Amino acid sequence: MTVHTTWKRAVGAAAAVTLALAVAACGSNGGGGSTTTADGRSSLVWNMWSGSTAEVEAWNHLGGMVTAAHPDIQLEFQTSSFNDYWTKLAAQASGGDTGCILGVQSLRARSIAPLLVPLDDMLAGAGVNPADFDQSIWRGLQVDGEQLAIPYDFGPLVMFFNVDRFREAGVPVPSVDWTVEDFLSAAQSLTTGGKYGFALYPTIDTVIPWSLSLKGTDPVTPDGKMDLTQQGFVEAVQWYTDLVNKLHVAPQVAATSDPTPALSTFIAGDAAMVVDGPWQLVNLQKQAAFEVGVLPIPAGDSGSHSQVAGSGFGISQTCADPEKAMQAIAVLTGPEALGYLADQGRAYPSRIAAQDAWFKPELAGAKEGLKAAIDNSVSSPATENYTQVSQLFTQYGVQAVNGQQSVPDFLNTVQQQTG
């Protein structure tokens, strides 16, 4: 069966956009991430991550929506790459100078919980109704029963694939019920002429879907602890690294400042498949010069599964004007804003009523693949040390992927250093 999970946006060169965006020091804003402008507006610093100029434009557009709804509020958008965001946030927090509004990712919510103001008592006053949101991500942004952020998006990781490469090579375009065996067969057939069937990078986020599907193992235990040495997870990571140094269907990797190196390889046309999230569609639309398909993770012995994750906005403990920050967040996560993000392909909306807007005509074909992935996704509890584990997993994982360190040694090292 051919899956019509495709769209096409030719833009000439398919090179990845290099983003060089720095987070300015929030301490220069007069304290508390808030100042009063010359015309009497409250200027609130908004710290958030971005992966491309297209994303920056989308976020700035939402900032304009806030001022349109509340003329006395102006947002000062400050951004960096996703990986750098967490490092810089920790540095800013140590100096007591975070912004007023902070981007919060569900898997990392517990690790930054001390920086955030509980929002439960502020929701009704800002017109935010929890029932309007998908409950998996609403709960995903809670820590110990307290709502620390309002979600704007959610979704599982999916498989993007280069439909043109499949067709040119005579490889059958896969269906939503494809298997790991189907994936491996396609990856091997598409590894030729200096190009690869798959691109990967050792991030824990992109390994977990394979572990869930191949072995039914989540490295995060139900009580929120990280156990990387479980046999099922070790075996899944070994399978993952074998794609590079045994099966040779994915290229070797190198330490890089690129926040999404595997996606960059895919966009450049050097790999036919890659795992990433639906939030990357805004970048693929702008950068990919080929037809792209969307599929769930291929089914292994435990089925097809990916962890649900998503993001939202919270208020920092140091914010000098939390009420105005809450008014701004209500707009940033409101129906109009999420409809806009959906239309841009930046976010699969957390608001239930806005979700169909994501599947505009050129993305309509992605619906079957994304819906299948959502239907089979699982919730993963957040851990206090997720950010630290993620950083070390990538740091040591480069050697493991390239066959320079054994997988058990790699995982034991990360486990020991993160407790």
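**Exercise 1. Decide whether Pro-174 is buried or exposed, and place Pro-174 in the chain.**

Solution. Step 1: Pro-174 has a relative accessibility of 9% and counts as buried, the cut-off for buried being under 20%. The structure is a predicted model. Step 2: Pro-174 sits in the loop that runs between helix H4 (163-169) and helix H5 (180-189). Step 3: for a distance, take Ser-50, which is 124 residues away from Pro-174 along the chain; the two C-alpha atoms are separated by 31 Å.

**Exercise 2. Find which cysteines form a disulfide, and say what parts the pair ties together.**

Solution. Step 1: apply the cut-off, which asks for two cysteine sulfur atoms within 2.5 Å. The sulfur atoms of Cys-100 and Cys-319 are 2.1 Å apart, and these residues form a disulfide. By this rule the count is one disulfide.

Step 2: place the two ends. Cys-100 belongs to the loop between helix H2 (82-94) and strand E5 (101-105), and Cys-319 to the loop between strand E12 (307-315) and helix H10 (322-332), so the pair ties together parts that are 219 residues apart in sequence.

Step 3: read the geometry. The angle about the S-S bond is 85°, and the link of Cys-100 and Cys-319 is right-handed.

Step 4: check the surroundings. Cys-100 is buried at a relative accessible area of 0%, and Cys-319 is buried at 9%. As a reminder of the chemistry, a disulfide is a covalent bond between the sulfur atoms of two cysteines.

**Exercise 3. Describe Gly-99 by its loop, its accessibility and its distance from Phe-77.**

Solution. Step 1: Gly-99 is in the loop between H2 and E5, the loop that also holds Cys-100. Step 2: Gly-99 has a relative accessible area of 0% and is buried. Step 3: Phe-77 is 22 residues from Gly-99 in sequence, and their C-alpha atoms are 9.4 Å apart in space.

**Exercise 4. List the buried residues of helix H11 and name what covers them.**

Solution. Step 1: helix H11 spans residues 335-344, and its buried residues are Ala-337, Leu-338, Tyr-340, Leu-341 and Ala-342. Step 2: the cover over these buried residues includes helix H1 (53-69), strand E8 (150-156) and H10. Step 3: look past the end of the helix. Gly-345 follows H11 and has a positive phi, near 75°.

Step 4: continue to the loop between H11 and helix H12 (367-375), where Ala-366 is found. Ala-366 counts as buried, with 0% relative accessibility. Ala-366 and Tyr-152 are 214 residues apart along the chain, and 20 Å separates their C-alpha atoms.

**Exercise 5. Compare Asp-144 and His-248 by phi, loop and accessibility.**

Solution. Step 1: recall the usual sign. Most residues other than glycine have a negative phi.

Step 2: take Asp-144. Its phi is positive, near 50°, in a residue other than glycine. Asp-144 lies in the loop between strand E6 (142-143) and strand E7 (146-147). At 65% relative accessibility, Asp-144 is exposed.

Step 3: take His-248. Although not a glycine, His-248 has a positive phi of about 60°. The loop that holds His-248 runs between helix H7 (231-245) and helix H8 (261-267). His-248 is partly exposed, with a relative accessible area of 47%.

**Exercise 6. Determine which residues Asn-402 touches, leaving out those up to four places away in sequence.**

Solution. Step 1: Asn-402 is in the loop between helix H13 (386-401) and helix H14 (407-418). Step 2: its relative accessibility is 11%, and Asn-402 counts as buried. Step 3: with the sequence neighbours left out, Asn-402 touches Val-244, Asn-245, Gln-252 and Val-253.

**Exercise 7. Characterise the whole protein chain by its elements, radius of gyration, burial and charges.**

Solution. Step 1: the protein chain has 14 helices and 13 strands. Its radius of gyration is 21 Å, close to the 22 Å given by the globule rule for 419 residues, so the chain is as compact as a globular protein of that length.

Step 2: along the principal axes, the C-alpha atoms fill a box of roughly 65 × 50 × 35 Å. Of the 419 residues, 58% count as buried.

Step 3: among contacts with a separation of 6 or more, 77% come from residues 24 or more positions apart.

Step 4: the accessible surface is about 15700 Å², and 48% of it belongs to carbon and sulfur atoms. The chain carries 20 positive and 40 negative side chains, with the centres of the two sets 5 Å apart.

Conventions
Residues are numbered from 1 along each chain as its sequence is written. This is a predicted model: local features need pLDDT of at least 70, side-chain atom pairs count only at pLDDT 80 or more; totals for chains, interfaces and linings use all residues. Side-chain values use heavy atoms; hydrogens and water are left out. Helices (H or I, at least four residues) and strands (E, at least two) are DSSP runs, numbered from the N terminus. Buried means under 20% relative accessible area, exposed over 50%, partly exposed in between (1.4 Å probe, protein chains only). The radius of gyration is taken over C-alpha atoms; the globule rule is 2.2 Å times the number of residues to the power 0.38. Contact means heavy atoms within 4.5 Å. Accessible areas come from the Shrake-Rupley method with a 1.4 Å probe; for residues, only the protein chains shown count as cover. Lys and Arg count as positive and Asp and Glu as negative; His and the chain ends are not counted. The place of a charge is taken as NZ of Lys, CZ of Arg, CG of Asp or CD of Glu.
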